[in-house]
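Subject: Structure for you to look at

Hi there,

Here is the structure I promised to pass on. Please open it alongside this email, and my notes on what turned up follow below.

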Amino acid sequence: MAKAIAALMTGAAAIALSAPAAQAQQAAQPAVSQQADQKKKADEKAAAEGTLLDKILVISRTGETAIQSLASASHVGQEQLDRRMATTPNEMLLGVPGVAVQADARRVSSSINIRGLQDFGRVAVIVDGARQDFQRSDHGTQSTFYVDPELIKSVDVIRGPVANTYGSGAIGGVVFFDTKDAADFLKPEETWAASLTGRYESNGKGWTTSATGAYRINENWDVLGNIVYRDYDNYKNGGGDTVAGTGFDVLSGMLKTSIRPTENSELKLGWVGSKDGWTETSGGVPANDVDLKSNTFTARYNITDDAKSWLDLHINASYNRTNLDLTTLVPQKRFDPTTGLPVVLPAGSLSTFDVGTTGIDIWNTSRFETASVAHELTYGGDWVGDDVETGGTAGGDSFYTPSGKRTVSGAYVQDKLTWEWLEVIGGLRYDNYSLKDSKNETSGDKVSPRVTVGVTPFESAGLAGLQFYGTYAEGYRSPSLTETLISGNHPAGVSFPFLPNPNLKPETGKTVEFGVNYKQNDIIAAGDALRLKAAYFNNNVDDYIDGVTLSPFDPTSGCPFGPGIPICFQYQNFAKAKINGFELESVYDAGWGYAGLSASIINGHTISYEGERADLATIPSSQVTAQLGLRFLEDKLTVGGEVQYNGKPKGNAVAKDYTLVNAFASYQATDNFKVDFRADNLFDVKYTNPLNGSTTAVLYEPGVTLKLAATMRFGG
C-alpha cells in the first residue's frame with residue numbers, strides 16, 4: 001500500500017562524474033607544445049577534481065567532498081560501479097575500508113557491516129533518502145535489503161556515529177545509495193535517449209538484461225525509467241562444488257522525475273521496486289520457496305539560493321514496503337511456538353513478513369560570518385515509523401520476527417566553524433523512541449554530542465594539503481522489536497523458550513577518532529593527483545545488545561526449570577562492546593592510469609557486567625585492497641585488476657585467511673557502444689565470509705566468475 005513519498009538528500013551538488021582530464025601525450029609533439037598541452041590538461045584536471053575522494057558526497061549536508069570531510073567518508077562513483085559489473089550490493093562496496101557485506105545463500109538479501117556493527121538499525125541503509133528497515137530474523141543475516149546495482153549511480157559511506165545527523169540509531173554509520181537521474185543519462189543536446197545492456201556470467205550461467213530510457217520534457221523537467229531482469233542458477237564455489245540455494249531471479253525497476261520550479265529549487269519524485277524469488281535449502285535440500293516484493297517511494301525537495309546565504313532547505317519524505325512470503329516445499333517437523341508440542345508443517349505452509357517504513361526528514365543550512373569566522377549552521381529533524389506484521393502457520397519461520405510498531409525521531413543542530421587553518425564542528429542530537437505490541441510498550445530518549453577539531457598547519461607547497469583532525473561523537477540506538485518482544489518456543493530442531501526483554505536498555509556508541517587527509521596535485525607529472533585519508537578509531541558501545549543462552553539450572557537467569565527445557569534464549573545488554581581499528585583509503589591518478597590502496601584492521605569484543613570478555617562475532621575480516629588501472633586509446637580502453645587480502649578475525653572458528661584477484665577491461669568502441677569484461681576470483685579460491693560463521697552451515701562464496709557485457713545506446 002504504497003503511500004506517497006520520500007526522501008532526502010541534498011541537491012547540494014550534483015555528483016561530478018567527469019573523466020580524468022589528463023591524456024597520453026603523442027611522441028610527435030614538439031616539447032613546447034607538450035608542455036602547453038600538459039599545463040592545459042592540468043588546469044582541466046584541477047577544475048574537474050577527478051579522483052573519487054574529490055567527488056561531492058550526496059550524503060553530505062554541507063556540500064563536502066570525501067577528502068574535505070573531517071570524518072571517515074568514502075564515495076563510490078559511476079565509473080567504479082561500471083567497472084565492478086556488480087550483481088549484489090557486496091560487489092558495489094568492494095574495497096571500501098571498514099565496510100563488509102553479509103549475504104548468505106539468499107544473495108539478493110544483504111546486511112551491511114560497518115566497523116563490526118550491523119543489523120537492527122546499527123547501520124542506516126538509505127536509498128534516495130528512504131530508510132531500508134526490513135528485518136527477518138533467522139540464522140545468519142537479520143536486517144536485510146536489496147537494491148539492483150544497475151539502478152545506482154553512486155554510493156556514499158560515512159563510518160561511525162558522526163553520521164548522527166542522518167537519522168537515529170546509526171551508531172555504526174550510514175550507507176546512501178543514489179539512483180540515476182535523467183540528467184546523468186541525457187547528453188546536453190538530446191531530448192531523448194535509450195540504452196540496452198546484456199550481460200552473461202559464467203558461474204551460475206547468469207543473465208542480466210537492462211533497459212533505460214530518458215526524456216527531457218523541457219529544460220526544467222525530465223524523466224527516467226529503468227527495468228532490469230536477472231536470472232541465475234546455483235553457483236559453484238572455489239572447490240568446484242555447486243552451492244545449493246544460491247540461484248535466484250529478480251525483476252527490478254525505477255521511475256524518476258526531476259522538476260525545477262525555479263532556478264533555485266528542485267523536486268525529485270521516484271519509485272524503486274523489485275520482485276525477487278529464490279529457494280532456501282536445509283542440509284543441501286530445497287526447503288522453502290521465497291518471494292519478496294519491495295517498493296520504495298520518495299519525494300525530495302530542496303531550495304538553495306546563493307543570494308540568501310541562510311537558505312539551503314531540504315524537505316524529504318519516503319515510504320518503503322517490503323513483503324516476503326515463505327512457502328514450505330516439503331513437510332517439516334516443527335514445534336508449536338506457543339505450546340512447545342511437536343507439529344508437522346505441511347508442504348505449502350505459508351509464513352509472511354510485511355514491513356512498512358515511513359519517514360520524513362527536514363533540514364536547513366545557514367551560512368554566515370561572525371568576526372573572521374565562517375559558520376555553516378545545520379539544523380533539522382527526522383521521524384521514522386516501522387510497522388511490522390508477521391504471521392502464518394504455527395511452527396513457521398515468522399515466529400522469529402514479532403509483529404509490532406516502532407517510531408524513532410530526533411532533532412539536531414550542528415555548527416561548522418572555519419577560521420584560516422582551523423575548523424571546529426560542534427553538534428547535539430536529541431533522540432526519542434517508542435515501540436509496542438499488543439502486550440508490551442517501552443520508550444526512551446537521549447541527547448548525543450559531537451565535537452570535531454581539524455587543523456591545516458602547513459603552508460609549504462608539499463604540505464599545504466595536509467590536514468589533521470580529532471573527533472568525539474556519540475550515537476544512540478533503540479532496541480528493535482525482535483530484540484525486545486520475541487517470545488515463545490523455538491519451532492525447529494530443538495524446542496526451547498525465547499524470553500522477551502522489555503527492559504532492554506538502548507545502545508550508546510561513544511567513538512574517539514583521529515584522522516589525516518592529504519590532497520596534492522602535480523606530484524610526479526603535470527595533471528596528476530594524490531588523495532589519501534587515514535583514521536584510527538576507538539568505539540565503546542555501552543549497553544550493547546546481543547543474544548545469550550540461559551540455563552534453567554541457574555535460578556537467577558529467569559529461564560524456567562521444567563522437563564524438555566535444555567536452555568532459554570534472550571536478548572540482553574552487555575556492559576559494552578569495545579571496537580577499535582585503523583582505516584586507509586588512497587588513490588593516485590595520472591590520467592593515463594591510476595592506482596588505489598585501501599585497508600581496514602578491526603578488532604572487537606564484548607564485556608559483560610561481570611567483566612567477562614568474549615570475541616565479537618560480527619567483526620569482519622581485516623582487509624587490504626590494491627587496485628591498478630591503465631587507460632589507452634584516448635581513454636576509450638581501460639584495463640586493470642584488483643587484489644584483496646582478507647585476514648581471519650580473532651575468535652572466528654570458520655574463517656581463514658584468503659586472497660582474491662580480479663581483472664577487468666572496458667572498451668568504449670563508439671559514443672554509443674561499449675563492451676565490458678570482468679573476471680572475479682581469478683584463481684578460483686575456496687573461501688567463506690567470516691560473518692556467516694554464526695549460520696548453521698558453512699557457506700562458500702563463488703569461485704572464478706567471468707562476466708561479459710555489451711551496451712548499446714541511442715539518442716536524439
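To start with a small detail: which residues form a disulfide, and how far apart are their sulfur atoms? The pair is C559 and C568, with the two sulfur atoms 2.0 Å apart. Please keep in mind that this is a predicted model. The structure holds 1 disulfide, and its link is right-handed, with 70° about the S-S bond. Are the two cysteines buried or exposed? Buried means under 20% relative accessible area. C559 comes in at 6%, so it is buried, and C568, at 0%, therefore counts as buried too.

C568 also belongs to a strand, β28, which covers residues 568–573. This strand is mostly covered, with 5 of its 6 residues buried. Its antiparallel partner is β27 (residues 545–550), joined to β28 by 6 bridges. Within that pairing, D546 stands opposite Q572.

Now for the chain as a whole. Its secondary structure comes to 5 helices and 36 strands. The radius of gyration is 26 Å, close to the 27 Å that the globule rule gives for 716 residues, so the chain is as compact as a globular protein of that length. The C-alpha trace spans about 90 × 60 × 50 Å along its principal axes. Of the 716 residues, 56% are buried. Among contacts with a separation of 6 or more, 66% are between residues 24 or more positions apart. The accessible surface is about 28,500 Å², and carbon and sulfur atoms account for 60% of that.

Next, one of the sheets. Five strands make an open sheet with mixed pairing, in the order β1-β6-β7-β4-β5. The edges are held by β1 (72–76) and β5 (130–131); each has a single partner strand, so one side of each is left without a neighbour in the sheet. Inside that order, β6 (residues 152–159) and β7 (residues 173–179) pair in the antiparallel sense over 7 bridges, and I158 stands opposite V174 in β7.

Further along the chain there is a run of paired strands you may enjoy. β17 and β18 are antiparallel and joined by 20 bridges, with I362 having G381 in β18 as its bridge partner. The two strands form a hairpin with 2 residues between them, and A371 in the turn has a positive phi of about 55°. β18 also pairs with β19 (residues 404–419), again antiparallel, over 15 bridges. There, the bridge partner of V384 is V408 in β19.

Finally, the packing. In soluble globular proteins, nonpolar side chains tend to be buried together. Which members of the largest nonpolar core touch the most other members? They are F248, W278 and L324, in a core of 21 residues. Elements that give two or more residues to this core include β11 (248–259), β14 (312–328), β17 (350–370), β18 (373–392) and α5 (481–485). A second, separate core of 20 residues includes V76, I114, F145 and V157. Back in the largest core, L324 is a good residue to click on: leaving aside neighbours within four places in sequence, its contacts include F134, R136, W278, V290 and F353.

Happy to talk any of this through once you have had a look.

Best wishes

Terms used. Residues numbered from 1 in each chain as written. Predicted model: local features only at pLDDT ≥ 70, side-chain atom pairs only at ≥ 80, totals over all residues. Heavy atoms only, no water. Disulfide = S-S within 2.5 Å. Buried < 20%, exposed > 50% of the residue type's maximum accessible area, 1.4 Å probe, protein only. Pairing = 2+ DSSP bridges. Helix = DSSP H or I, 4+ residues; strand = E, 2+ residues; numbered from the N terminus. Rg over C-alpha atoms; globule rule 2.2 N^0.38 Å. Contact = heavy atoms within 4.5 Å. Areas by Shrake-Rupley, 256 points an atom, 1.4 Å probe, with all protein chains shown as cover. Core = buried A, V, L, I, M, F, W, Y, C linked by side-chain atoms within 4.5 Å.
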